[in-house]
2 protein chains.
Amino acid sequence: MRTIPSHILNLFHTPGISQATLRLLLENEDQLAAIPSLEEQELVRSVMAGNCSSAAAMTAEALQWADHPGNYILLASDPDYPQILKQIPDYPPLLFVRGDLQCLKRPMLAIVGARNSTAYGRSVAYQIGRDLARSGLVISSGLASGIDAQAHNAAIDAAAPTVAVLGNGLADVYPQVHWRLAEQILSGGGALLSELHLRAEPLAHHFPKRNRIISGLSLGTLVVEANMRSGSLITARLALEQNREVFAVPGSVNSPVSRGCHRLLRQGAVLTETAEDVIEHIRFLCQAQMAMSYPDFVLGSSVADRSGDRVRVPKPLKPLYSELSIDPVSADQLLAVTGLDPGTLSAGLLELELAGLAGHEGNRWWRLR
Amino acid sequence: MRTIPSHILNLFHTPGISQATLRLLLENEDQLAAIPSLEEQELVRSVMAGNCSSAAAMTAEALQWADHPGNYILLASDPDYPQILKQIPDYPPLLFVRGDLQCLKRPMLAIVGARNSTAYGRSVAYQIGRDLARSGLVISSGLASGIDAQAHNAAIDAAAPTVAVLGNGLADVYPQVHWRLAEQILSGGGALLSELHLRAEPLAHHFPKRNRIISGLSLGTLVVEANMRSGSLITARLALEQNREVFAVPGSVNSPVSRGCHRLLRQGAVLTETAEDVIEHIRFLCQAQMAMSYPDFVLGSSVADRSGDRVRVPKPLKPLYSELSIDPVSADQLLAVTGLDPGTLSAGLLELELAGLAGHEGNRWWRLR
């Protein structure tokens, strides 16, 4: 049973006590004796600034919360605190954790992206997330709608643990529509994390800070879709500052949420089509990090199927196939552009469908490969 | 009136005489006196190899062809021969040209890509090609189906000259379905080019060699879509070897013809979303080349509209908008995923359409921005 020093929690819950002070104290155990005086000075400043401290009450609640099974308060000095996170300069001095501490000991890969994602982005996030989870990586993300939720879902469907870092305190789940997802994360052996006190609200300024934890926990960060001025780009920048790899998924030049990824690619992010692209880079570039933080871990290969690279289209069907793309077209349009008669067209489409080359919904057809 | 030395044409038409020999002769005018003996030696070798020379007849036909207005045979020593092409080590010693020689004096940008292109690739090729043409660049390509044809068409629609380099002799147009496109290129002030004798067939091995002329004529080569083992990737490699810029358009990770572009991007090609991306790079990176080859030319900026970068979606419509993407979905699917009632859904879709945010065809809707 872990014991959490209540004077540290008191300091943590006292407005005006900086994270930097807490980090300093935790790094220098011999200075722990200095806490009372330091605490006193900062408390005086804090009270003068008009903050009314309810630190003792909050500490009591936190200690009570941490008594429940599956709830943990990890000091940075705790052996269960993720070692990789402790390598970033502004690591959180305290982490509130709900869930299974074991998943924090495995290598993580962050998958983040736009809330206003497209179906393309969500399907790629799911596909890559699932394959990375199967390879043994723990997927970390931010529990947001869109890409984040898809990444968590992919890991859950792969029966692999996933970690969500919240921008609010663990007494609540935000966005509230994701309470069920949060429960699935917990029952799947994953964890919810926050550096904030239990009742902290999801204030806007929490999220950029939260993002440094997502990237800091992870060997690398994969950005699937991102607006040009967005939290995902902040996470990517933080990952770079933390000397972690940044991965980005390309997409349509006409899609505003792919433009953020394209910007990252211009800046040197690793272009990522499949989980294999991530795994190869982690295997070769992050070996030192892997060896240091996860000495016993063996990274599997993903099960991504690249056999579809080579598409064989029967020659007579090539003109028809060339008119199909990811954007569905109606059979009428195909009649017009190919000049085929209706019978030949529908026979051709059927043949393409049977060959796994075309899909359709009613009268509208698209290319599958 | 240009005079073409018939002894050079004779050598050109003689099987077994290498391009290297012709280049050497054209570069060293003082060695022109040595031609007869050189010719003799190589002819002997050629005849011994079983080649029966009809060089004289071919030369006569070529001279007759070059007598027609708008037909030219340019020796590399001709002042009208494109100077930028002469900078590549294996420049063609002779160029057959149909069309307007003036367009060869302007800076060119190659746009190439897959024959089995998708609608996405064709629309991007058209869009970027049109904007580059408007900025004053001459679009060069290979007259192939798919991306090449779109690039030529875009320039024609922008009332700008465009240059097609063929993999066969200029007595014919290949592919034959593009004879009309070829005529439009000519009537639009562009040109058809070939290094091959007039009646050369479009043999497979001509095309990789042809590609070095496309890239060699151009300040840079933009690859829009490319299969993994394809002529477009060859053109890109040649462009790099020629110290020219390579540009590539990203696309769906699920699209085999975008994978070639993604490979180029991994290798350092310039990620290109709009004509502006090309123009900026040419302006800053190719200034020396520009100044040397086109001292009087001023590069315009394209008219690409980037005002759409920031999408404002009315808040109540955001959940609906988030379900739309470049892949169309049916209104029924939208009903199911949004949980809206039909009236609210159709009002919402209409509002998105009026705001320029969604498009539809019948009952299927997609995101425009």
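Helices, as the word is used here, are DSSP runs of H or I with at least four residues, numbered from the N terminus. In this predicted model, helix α10 of chain A is followed by Asn243(A), whose phi is positive, near 60°. The same helix, spanning residues 231-241, buries Ser232(A), Leu233(A), Thr235(A), Ala236(A), Leu238(A) and Ala239(A). An α-helix has 3.6 residues a turn, so residues three or four places apart point the same way. The buried residues of α10(A) pack against two strands that flank the sequence of this helix, β7 (220-223) and β8 (245-248), as well as against β3, α9 (206-217) and α11 (256-266), each of them in chain A.

Chain A as a whole is built from 16 helices and 12 strands, and 54% of its 369 residues count as buried. Among its contacts between residues at least 6 apart in sequence, 72% join residues that are at least 24 apart.

The interior can be followed next. In soluble globular proteins, nonpolar side chains tend to be buried together. Here the largest nonpolar core has 124 residues, and those with the most contacts inside it are Val163(A) and Val163(B). Not counting residues up to four places away in sequence, Val163(B) touches a set of chain B residues that includes Cys103(B), Leu104(B), Met108(B), Val138(B), Ile139(B), Ala191(B), Leu193(B) and Leu217(B), and also Ser140(B), Ser141(B) and His152(B). A second, separate core of 29 residues includes Tyr120(A), Ala158(A), Tyr294(A) and Leu299(A).

A polar residue can also be buried, as Ser117(A) shows with its relative accessible area of 0%. Ser117(A) lies in the loop between β3 (108-112) and α6 (119-134) of chain A. Leaving aside its neighbours within four places in sequence, Ser117(A) is in contact with Arg122(A), Gly146(A), Ile147(A) and Glu225(A), and also with Ser322(B) and Arg367(B) from chain B.

Three helix pairs remain to be considered. Two packed helices are described by the angle between their axes and the distance between the axes. In chain A, helix α7 (residues 147-157) and helix α8 (residues 179-187) pack at an angle of about 35°, with their axes 10 Å apart, and their crossing is left-handed. Ala149(A), His152(A), Asn153(A) and Ile156(A) of α7(A) make this contact with Leu181(A), Gln184(A) and Ile185(A) of α8(A); by class, 4 of these residues are nonpolar, 3 are polar and none is charged.

Also in chain A, the axes of helix α15 (residues 331-338) and helix α16 (residues 342-354) come within 10 Å and cross at roughly 115°, and α15(A) and α16(A) are therefore roughly perpendicular to each other. Their crossing is right-handed. Ala331(A), Leu334(A), Leu335(A) and Thr338(A) in α15(A) meet Pro342(A), Leu345(A) and Leu349(A) in α16(A), a contact that has 6 nonpolar residues, 1 polar residue and no charged residues.

In chain B, the axes of helix α9 (residues 206-216) and helix α10 (residues 231-241) come within 9 Å and cross at roughly 50°, and α9(B) and α10(B) are therefore oblique to each other. The crossing of α9(B) and α10(B) is right-handed. Pro208(B), Asn211(B), Arg212(B) and Ser215(B) in α9(B) meet Gly231(B), Ile234(B), Thr235(B), Leu238(B) and Ala239(B) in α10(B), and by class this contact has 4 nonpolar, 4 polar and 1 charged residues.

Notes. Residues numbered from 1 in each chain as written. Chains lettered and ligands numbered in written order. Predicted model: local features only at pLDDT ≥ 70, side-chain atom pairs only at ≥ 80, totals over all residues. Heavy atoms only, no water. Axes fitted to C-alpha atoms, helices over the stretch in contact; angles between N-to-C directions. Parallel < 35°, antiparallel > 145°, perpendicular 65-115°, else oblique. Left-handed = near helix turned anticlockwise from the far one by under 90°. Contact = heavy atoms within 4.5 Å. Nonpolar A, V, L, I, M, F, W, Y, C, P; charged D, E, K, R; others polar. Core = buried A, V, L, I, M, F, W, Y, C linked by side-chain atoms within 4.5 Å. Buried < 20%, exposed > 50% of the residue type's maximum accessible area, 1.4 Å probe, protein only.
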